[in-house]
Amino acid sequence: MSNKTRNILKVVAVLLVLLAVLMATRTVIIPSLAGYSFWMVVIAFAMLLIASK
């Protein structure tokens, strides 16, 4: 895996967690993703684990 791909995965993971936090604080409301905020954080964590290898 190239460094560019790892950096992209890390940025996407940070954006997912940021979106989940903003949805939890009711700053951003996306009704279709409201029930999936926990899974967005889990996916972001998995992406960081994959990018760290």
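This report describes the two helices of a predicted model, the loop between them and the surface they present.

## Overall build

The model is predicted. It holds 2 helices and 0 strands. Along the principal axes, the C-alpha atoms fill a box of roughly 35 × 15 × 15 Å. The protein has 53 residues, and 13% of them are buried.

Contacts across the sequence are also on record here. Take the contacts between residues at least 6 apart in sequence: 55% of these join residues at least 24 apart. The accessible surface comes to about 4,100 Å². Carbon and sulfur atoms account for 74% of that surface.

## Helix α1

Helix α1 covers residues 3-24. Its 22 residues, at 1.5 Å a residue, should span 32 Å. The end C-alpha atoms are 32 Å apart, which agrees with that expectation.

The buried residues of α1 are A13, A20 and M23. Viewed down the helix axis, these buried residues fall within an arc of 95 degrees, so they line one face of α1. Helix α2 (37-52) is among the elements that cover them. The face turned away from the buried side carries the exposed residues N3, K4, V14 and L15.

## Two partly exposed positions in α1

K10 lies in helix α1. Its relative accessible area is 37%; exposed would require over 50% and buried under 20%, so K10 is partly exposed. Setting aside neighbours within four places in sequence, K10 is in contact with L48 and A51. A51 is itself one of the buried residues of α2. The C-alpha atoms of K10 and F45 are 9.5 Å apart, although 35 residues separate the pair in sequence.

L22 is another residue of α1. With a relative accessible area of 28%, L22 is also partly exposed. Leaving out neighbours within four places, L22 is in contact with T27 and V28. L22 and V41 are 19 residues apart along the chain, and their C-alpha atoms are separated by 12 Å.

## The loop between the helices

R26 comes just after α1, in the loop between α1 and α2. Its phi is near 65 degrees, a positive value in a residue other than glycine. Most residues other than glycine have a negative phi. R26 has 65% relative accessibility, so it counts as exposed.

Y36 also sits in the loop between α1 and α2. This residue belongs to a nonpolar surface patch, taken up below.

## Helix α2

Helix α2 has 16 residues. At 1.5 Å a residue they should span 22 Å. The end C-alpha atoms are 23 Å apart, which agrees.

M40, A44, M47 and A51 are buried in α2. They cover an arc of only 60 degrees around the axis, which puts them on the same side of the helix. Helix α1 is among the elements that cover these buried residues. Cover is thus mutual in the model: α2 is part of what covers the buried residues of α1, and α1 is part of what covers those of α2. The face of α2 turned away from its buried side carries the exposed residues F38, F45 and S52.

S37 lies in helix α2. At 25% relative accessibility, S37 counts as partly exposed, because the buried class stops under 20%. S37 and V17 are 20 residues apart along the chain. Their C-alpha atoms are separated by 8.5 Å.

## A nonpolar surface patch

Which residues form a nonpolar patch on the surface? They are Y36, F38, W39, V42 and I43. Together they have about 550 Å² of accessible area. Y36 contributes from the loop between α1 and α2. F38 is one of the exposed residues on the face of α2 turned away from its buried side.

Conventions. Residues numbered from 1 in each chain as written. Predicted model: local features only at pLDDT ≥ 70, side-chain atom pairs only at ≥ 80, totals over all residues. Heavy atoms only, no water. Helix = DSSP H or I, 4+ residues; strand = E, 2+ residues; numbered from the N terminus. Expected span 1.5 Å × (residues − 1). Buried < 20%, exposed > 50% of the residue type's maximum accessible area, 1.4 Å probe, protein only. Arc of directions from axis to C-beta. Contact = heavy atoms within 4.5 Å. Areas by Shrake-Rupley, 256 points an atom, 1.4 Å probe, with all protein chains shown as cover. Patch = residues over 30% accessible without salt bridge, like charges linked within 9 Å, V, L, I, M, F, W, Y side chains within 5 Å. Salt bridge = Lys/Arg side-chain N within 4 Å of Asp/Glu carboxyl O.
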